[in-house]
Amino acid sequence: MTTDRTPARQMLVSGSVGTAAVGGVCAVVAWFLAGGPGLWGALTGAAVVLVSSLVSIVALSATRRAEPTIALMVALVVHFGKVIVLIGALVAISATGALDGALDRWSLAATIVAVAVTWSVAEINAYLRTRQPTYDLDAA
């Protein structure tokens, strides 16, 4: 079923719902396995991925009407920028010493991976459901 929403909005809603669900499950599991630091590590990991993914959606939605080559270039730059921001966030969290007690290292890492994969799958699924043409037959 298609909707009249833009692909960016559809991906934003789908990614946010998936992130909230998986982040919540990770937080509960981390709380059972590692206590308070596990809970806070999981919540921090989910928040880091959520913020970086939201910034990506906003940046990519600006190129919606651009030439496909420009949109692809922006998408690649945004993707590599997101990876750099995630690494920077992990380095910053580590530099504060939070991983030595306040946050559980494994809960943080596992949640970041789980939420990032969930966001990506939800984003792809949402884009496919919008049925946007990816090429123009008349131009070929």
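This passage describes the fold, the surface, one pocket and several individual residues of a predicted model.

The secondary structure of the predicted protein consists of three helices and zero strands, and the elements follow one another along the sequence in the pattern α-α-α. Helix 1 spans residues 7-61, while helix 2 covers 68-95 and helix 3 covers 105-130, with a loop between these latter two. Of the 140 residues in the protein, 30% are buried. Among the contacts with a separation of 6 or more, 75% are accounted for by residues 24 or more positions apart. The accessible surface of the protein amounts to about 8,800 Å², and carbon and sulfur atoms contribute 71% of that area.

Two residues of helix 1 may be considered together with their contacts outside the immediate sequence neighbourhood. S14 is placed in helix 1, and, because its relative accessibility is 15% and thus under the 20% limit, S14 counts as buried. When neighbours within four places in sequence are left aside, the contacts of S14 are with A122, A126 and R129; helix 3 comprises residues 105-130. T19, which likewise lies in helix 1, has a relative accessible area of 4% and is therefore buried. With residues up to four places away in sequence not counted, T19 touches G24, A46 and L50, and also V115, T118 and W119.

The second largest pocket has a volume of about 160 Å³. Its lining is formed by V48, V51, S52, V55, S56 and A59, together with V77, V78, G81, K82, V85 and L86. Both helix 1 and helix 2 supply at least two residues each to the lining of this second largest pocket. By residue class, the lining of the second largest pocket divides into eight nonpolar residues, three polar residues and one charged residue. Since Lys is assigned to the charged class, K82 is the charged member of this lining.

One of the lining residues, S52, can be described in further detail. S52 is found in helix 1 and, as its relative accessible area is 8%, it is classed as buried. Apart from neighbours within four places in sequence, S52 is in contact with K82 and L86, and both of these residues are also listed, with S52, in the lining of the second largest pocket. A further spatial relation links S52 with H79: the two are 27 residues apart in sequence, and their C-alpha atoms are 9.8 Å apart in space.

A search of the whole structure for aromatic pairs returns one. This pair is formed by W31 and F32, with a distance of 5.2 Å from centre to centre and an angle of 45 degrees between the planes, and it is described as tilted. The assignment follows because the angle falls neither under 30 degrees, as stacked rings would require, nor over 60, as an edge-to-face arrangement would require. The two partners fall into separate accessibility classes: W31, at 47% relative accessibility, counts as partly exposed, whereas F32 is exposed, with a relative accessible area of 64%. The boundary between these classes lies at 50%, so the value for W31 stays below it and the value for F32 exceeds it.

The loop between helix 2 and helix 3 contains D100 and also G101. D100 is exposed, its relative accessible area being 66%, while G101, at 44% relative accessibility, counts as partly exposed. Each of these loop residues can be related in space to a residue that is remote along the chain. The C-alpha atoms of D100 and P37 are separated by 9.7 Å, although their positions lie 63 residues apart along the chain when counted as sequence separation. For G101 and G36, the separation is 65 residues in sequence and 9.8 Å in space, C-alpha to C-alpha. P37 and G36 both fall within the range 7-61 given for helix 1.

Note on methods: Residues are numbered from 1 along each chain as its sequence is written. This is a predicted model: local features need pLDDT of at least 70, side-chain atom pairs count only at pLDDT 80 or more; totals for chains, interfaces and linings use all residues. Side-chain values use heavy atoms; hydrogens and water are left out. Helices (H or I, at least four residues) and strands (E, at least two) are DSSP runs, numbered from the N terminus. Buried means under 20% relative accessible area, exposed over 50%, partly exposed in between (1.4 Å probe, protein chains only). Contact means heavy atoms within 4.5 Å. On a 1 Å grid over the protein atoms alone, a cavity is a set of points where a 1.4 Å probe fits but cannot get out, and a pocket is an open set with protein on both sides within 12 Å along at least five of seven lines; lining residues have an atom within 4 Å of a point. Grid points are joined across faces, edges and corners, and a volume is the space filled by probe spheres set on the points. Accessible areas come from the Shrake-Rupley method with a 1.4 Å probe; for residues, only the protein chains shown count as cover. Rings of Phe, Tyr and Trp (its six-membered ring) pair if their centres lie within 6.5 Å; planes under 30 degrees apart count as stacked, over 60 as edge-to-face and the rest as tilted.
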